[in-house]
Protein chains: 2
Amino acid sequence: MRELRGKAVSDCIKEEIEKKLPELIKRLGRKPRLEIIRVGDNEADGSYARSAMKKTADFGMEAELKCFPKDIPEAEFASYVKEKSDDSDTDGILILRPLPEGLEEASKAVLKPEKDLDGMTEKNQALVFSGDPSGFAPCTAAAVIRLLKHYGVEVSGKHVAVAGRSNVVGKPLSMLLLSENATVTLCHSRTPDELLKKQLANADIICTAVGKAGFLKSDSVKVGAAVVDAGINVNEEGRLCGDADYDAIKDKCSFISPVPGGLGAVTTAVLCENLFKAALRHSLR
Amino acid sequence: MRELRGKAVSDCIKEEIEKKLPELIKRLGRKPRLEIIRVGDNEADGSYARSAMKKTADFGMEAELKCFPKDIPEAEFASYVKEKSDDSDTDGILILRPLPEGLEEASKAVLKPEKDLDGMTEKNQALVFSGDPSGFAPCTAAAVIRLLKHYGVEVSGKHVAVAGRSNVVGKPLSMLLLSENATVTLCHSRTPDELLKKQLANADIICTAVGKAGFLKSDSVKVGAAVVDAGINVNEEGRLCGDADYDAIKDKCSFISPVPGGLGAVTTAVLCENLFKAALRHSLR
């Protein structure tokens, strides 16, 4: 078994960016700049925001974090997003999701697709859906593909089971896998247990984005399968863990991404890469 | 085995529209009006255009067909689409696809989503992708759901194999099935034979949109499965047929849609329903 560790992937992405960053900074007259917007006090958001801030600085770029209370009025929130979207000193925007009802719709409408680094706008959703790589896919979904490719896990022609059908991970990931010529089964909370187990246990690659500790058990994993775990949960002992029952599965599969240490570092690196791309396009306009 | 015949579904849709049409005509001061745009001389397009024209008239609405040569310049084509999209006497537009390269991009950009009856614009793609039923899905994909529902074929909790990953049928259909709580496997031209056969043979419902006569054979169908055939092909004897080997499969499955006689009539009825909806929204603006 080989661990799909995220740091090595992140380091590669960093190296690529560092080669081209000085020229971009010269052209912009400043470092590429990311705006992170957080609503409410969800601990997972806080932890992601901190990692993203740290990673952006580590990659030689800048990030600023803006926090709003949960009950911020839609109009006020949208007006802030619009201001940053129109601001020529902001190259990219990351709005942490899920957002309280209404705020996502309101902010999506005023966020420019070219600054929408996490693929939440209709334009980027449509590009991902239609298999056009020119847009921004949600970072977590894109990170799964990067992680698999980095470790040479073949996707083309394979059967991939994706668990979780969110608009942020499961659905866009399915579309990206399809573009890589995988045959994809999308399972979710309404998939009957027996069918779920059958689909998982027959898959060459399993991607979980369910948000439930212990969701993926050893008897649902084929010997030699690859497992990418996009879950971020806290287990009964209060420790960070993924959706997979890691210890039970690790000796059965060919590859598995640990949590922590797996997909998270790739996700923030992809975010930085998207920031770099957005700033580059910005500088060329 | 029960045949999933399209006419009965179309008749139901017609009945619903006829109840509400007189009031809409009064409000518009005219009948709802559809513009069909065809490029090139593909026989399948011609046949679909004729059916759509006939169905629209039969449903008490109006349609006009505009044909362009294959080599029409992008700008000229886009300008025509824009003219119709801006025309207040046109409620809905159907552009027959696939289009020659470049024309789809050019026309998508100027087609108003609220007149885009076949769900080709980014806005409608994004709505279908994110499971929002307020937009227009491609008519064929929407027709599959209608056909299944009409005949009481349960979709929720079932395993559905979709063969074909086009942006017009396979991908949007997968998203619509997901919204109905199906567990969906999307197979395509790069799915290895063995995997394809396994996925099809284990599915409760099979939807084919491959465009290959004889694609779905009896040994790939589970006893009692339901089959919806979205293929339109001409077989060796020159007769219209679907993707399924109908005669060999019909005694094995619980439901099967014939070609001709199946999905086609539902697709044009859904088109008319979309026209009605677009005209209604138009009249309320």
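User: In this predicted model, is Asp86(B) buried, partly exposed or exposed?
Analyst: The relative accessible area of Asp86(B) is 40%. Buried residues have under 20% and exposed residues over 50%. Because its value falls between these limits, Asp86(B) is partly exposed.

User: With which residue does Asp86(B) form a salt bridge?
Analyst: The closest N and O atoms of the pair are 3.4 Å apart, and the partner of Asp86(B) is Lys112(B). Asp86(B) lies in helix α3 of chain B, while Lys112(B) lies in the loop between α4 (103–108) and α5 (122–129), so the pair ties together parts that are 26 residues apart in sequence. The partner has a relative accessible area of 30% and is partly exposed. The residue asked for is Lys112(B).

User: Which residue meets the side chain of Asp89(B) in a salt bridge, and how many residues apart are the two?
Analyst: The side chain of Asp89(B) meets that of Arg30(B), at 3.3 Å from N to O. Asp89(B) is in the loop between α3 (74–86) and β4 (92–95) of chain B, and Arg30(B) is in the loop between α1 (6–28) and β2 (33–39) of chain B. The pair thus links distant parts of the chain: the partner is Arg30(B), and the separation is 59 residues.

User: Of Asp89(B) and Arg30(B), which counts as buried?
Analyst: Asp89(B) has 41% relative accessibility and counts as partly exposed. Arg30(B) has 18%, and the limit for a buried residue is under 20%. The residue that counts as buried is therefore Arg30(B).

User: What is the N to O distance in the salt bridge between Glu3(A) and Arg5(A)?
Analyst: Glu3(A) is partly exposed, with a relative accessible area of 26%. Arg5(A) also counts as partly exposed, at 38%. Their side chains meet in a salt bridge with an N to O distance of 2.8 Å.

User: How many salt bridges does the structure hold over all chains?
Analyst: Some of them are linked in a network made of Arg33(A), Glu35(A), Glu64(A) and Lys84(A). Over all chains, the number of salt bridges is 44.

User: What span should helix α10 of chain A have, and what is the distance between its end C-alpha atoms?
Analyst: Helix α10 of chain A covers residues 263–284, which is 22 residues. Of these, 16 are buried, so the helix is mostly covered. At 1.5 Å a residue the helix should span 32 Å, and this agrees with the distance between its end C-alpha atoms, 31 Å.

User: Which residues make the nonpolar surface patch of about 310 Å²?
Analyst: One member is Ile232(A), found in the loop between β8 (226–229) and β9 (233–234) of chain A. Ile232(A) is exposed, with a relative accessible area of 62%. The patch is made by Ile232(A), Val234(A) and Leu240(A).

User: Which residues gather in the patch of positive charge on the surface?
Analyst: One of them is Lys20(A), which is found in helix α1 (residues 6–28) of chain A. Lys20(A) is partly exposed, with a relative accessible area of 45%. The patch gathers Lys20(A), Lys277(A), Arg281(A) and Arg285(A).

User: What is omega for the cis peptide bond from Val259(B) to Pro260(B)?
Analyst: Pro260(B) lies in the loop between β11 (255–256) and α10 (263–284) of chain B. A cis peptide bond also joins Arg97(B) and Pro98(B), with omega about 0°, and Pro98(B) lies in the loop between β4 and α4 of chain B. For the bond from Val259(B) to Pro260(B), omega is near -5°.

User: What is the phi of Asn181(A), and what is that of Asn181(B)?
Analyst: Asn181(A) is in the loop between α7 (170–179) and β6 (183–187) of chain A, and Asn181(B) is in the loop between α7 (170–179) and β6 (183–187) of chain B. Asn181(A) counts as buried at 14% relative accessibility, and Asn181(B) counts as buried at 13%. Neither residue is a glycine, although phi is positive in each. The value is about 70° for Asn181(A) and about 70° for Asn181(B).

User: How far apart in space are the C-alpha atoms of Glu74(B) and Glu104(B)?
Analyst: Glu74(B) is in helix α3 of chain B and is partly exposed, with a relative accessible area of 43%. Glu74(B) and Glu104(B) are 30 residues apart in sequence. In space, their C-alpha atoms are 9.0 Å apart.

Methods: Residues numbered from 1 in each chain as written. Chains lettered and ligands numbered in written order. Predicted model: local features only at pLDDT ≥ 70, side-chain atom pairs only at ≥ 80, totals over all residues. Heavy atoms only, no water. Helix = DSSP H or I, 4+ residues; strand = E, 2+ residues; numbered from the N terminus. Expected span 1.5 Å × (residues − 1). Buried < 20%, exposed > 50% of the residue type's maximum accessible area, 1.4 Å probe, protein only. Salt bridge = Lys/Arg side-chain N within 4 Å of Asp/Glu carboxyl O. Patch = residues over 30% accessible without salt bridge, like charges linked within 9 Å, V, L, I, M, F, W, Y side chains within 5 Å. Areas by Shrake-Rupley, 256 points an atom, 1.4 Å probe, with all protein chains shown as cover. Lys, Arg positive; Asp, Glu negative; His and termini not counted. Charge placed at Lys NZ, Arg CZ, Asp CG, Glu CD.
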